[in-house]
Amino acid sequence: MRIGFSLPQVGNHAHNYSALPGYATTLEQAGAASLWVSDRILAPLHPTVNYPSTGDIPKAFNSVLDPLALIAAIGSVTTRVEIGTNVLIAPWYPPILLARTLTTLDIITNGRLIPGLGLGWSPEEYVAAGVPMNQRGRRLDECLDILDAYWTQNPVEYTGKYWTIPATHVDLKPVRTPPVHLAAFTPNGIARTGQRAAGWM
């Protein structure tokens, strides 16, 4: 059995980063298979949609460490354990920048990155990210296209509805092609996961 653990990156833990590297290395030494980070950018005072299953916005979301910076930090002090996002809200990020960052993280972790991507649920977070929430599914599809091209092609060129990448050299590739996992609950999301993902979150 492979067991993974969430890294303590929210709430009071976010104010005590100095304990996090030791936490991660202790879990690795104890045999953990994976460590996971999550993605939140807001704890809205007046949410139009509450956090699923809780009926409100958890107070812990008032303080959140950045997930991608955290993977870089923890990846540099561990050697074996896989490190993933559960989940990164992909439509918030320009795909070409996300591709560069995830490639860098895979290199830092020597091929241990597991990108778990999702669509999120908070309208306020989409407003803050400057992305129309009603486009999130189609933007995720284009993001997946661009990640695949960035990791497997050279040169890379892409033209979509939301994103365009002029033909460019991309000599730097990940240690391994990161196995993208997708979070999904809806029929469309489940279908996308079955067609395009290495795993389901």
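This is a short talk on the core, the salt bridges and a few backbone features of one protein chain, and the model is a predicted one.

Let me begin in the interior. The largest nonpolar core holds 39 residues, and within this core Leu-7, Leu-102 and Leu-117 are the members that touch the most others. The elements that contribute two or more residues are the helices α1 (20–30), α2 (67–75), α3 (95–108) and α5 (136–152), together with the strands β2 (34–37) and β4 (88–89). Of these, α5 gives the most, with 7 residues. If we take Leu-102 and set aside residues up to four places away in sequence, its contacts are Leu-68, Leu-113, Pro-115, Leu-147 and Trp-151.

From there I would like to move to strand β2, where we find Ser-34. Is Ser-34 buried or exposed? Its relative accessible area is 8%, so Ser-34 counts as buried. Its side chain makes a polar contact of 2.8 Å with the side chain of Trp-36, and, again not counting residues up to four places away in sequence, Ser-34 touches Ile-3, Gly-4, Phe-5, Val-81 and Glu-82.

Two of those neighbours lead us onward, and I will take Glu-82 before Phe-5. A search of the whole structure finds 5 salt bridges, and Glu-82 forms one of them with Arg-2, with the closest N and O atoms 2.8 Å apart. That pair links distant parts of the chain, since Glu-82 is in strand β3 while Arg-2 is in the segment before β1, 80 residues apart. With 16% relative accessibility Glu-82 counts as buried, whereas Arg-2, at 63%, counts as exposed. Glu-82 also meets Arg-176 in a salt bridge, at 3.0 Å from N to O. Because Glu-82 lies in strand β3 and Arg-176 in the loop between β8 (164–168) and β9 (181–182), this pair ties together parts that are 94 residues apart in sequence. Arg-176 is partly exposed, its relative accessible area being 28%. Arg-2, Glu-82 and Arg-176 are thus linked in a network of salt bridges.

Another salt bridge joins the side chains of Arg-192 and Asp-141, at 2.7 Å from N to O. Here the partners sit in two helices, Arg-192 in α6 (residues 187–196) and Asp-141 in α5, so the pair ties together parts that are 51 residues apart in sequence. Arg-192 is buried, with a relative accessible area of 13%, while Asp-141 is partly exposed at 26%.

Now to Phe-5, which lies in strand β1 (residues 4–6). With a relative accessible area of 32%, Phe-5 is partly exposed, and together with Met-1, Ile-3 and Tyr-23 it forms a nonpolar patch on the surface, for which the combined accessible area is about 460 Å².

Finally, the backbone. Which residues are joined by cis peptide bonds? One such bond joins Asn-86 and Val-87, with omega at about -5 degrees, and Val-87 lies in the loop between β3 (82–85) and β4. Another joins Asn-154 and Pro-155, with omega at about 5 degrees, and Pro-155 is found in the loop between α5 and β7 (156–159). I would also point out Asn-110, which has a positive phi of about 55 degrees although it is not a glycine. Asn-110 has its place in the loop between α3 and β5 (113–114), and with a relative accessible area of 58% Asn-110 is exposed.

Notes: Residues numbered from 1 in each chain as written. Predicted model: local features only at pLDDT ≥ 70, side-chain atom pairs only at ≥ 80, totals over all residues. Heavy atoms only, no water. Core = buried A, V, L, I, M, F, W, Y, C linked by side-chain atoms within 4.5 Å. Buried < 20%, exposed > 50% of the residue type's maximum accessible area, 1.4 Å probe, protein only. Helix = DSSP H or I, 4+ residues; strand = E, 2+ residues; numbered from the N terminus. Contact = heavy atoms within 4.5 Å. Patch = residues over 30% accessible without salt bridge, like charges linked within 9 Å, V, L, I, M, F, W, Y side chains within 5 Å. Areas by Shrake-Rupley, 256 points an atom, 1.4 Å probe, with all protein chains shown as cover. Salt bridge = Lys/Arg side-chain N within 4 Å of Asp/Glu carboxyl O. Polar contact = N/O pair within 3.5 Å; in protein donor to acceptor, adjacent residues only side chain to side chain.
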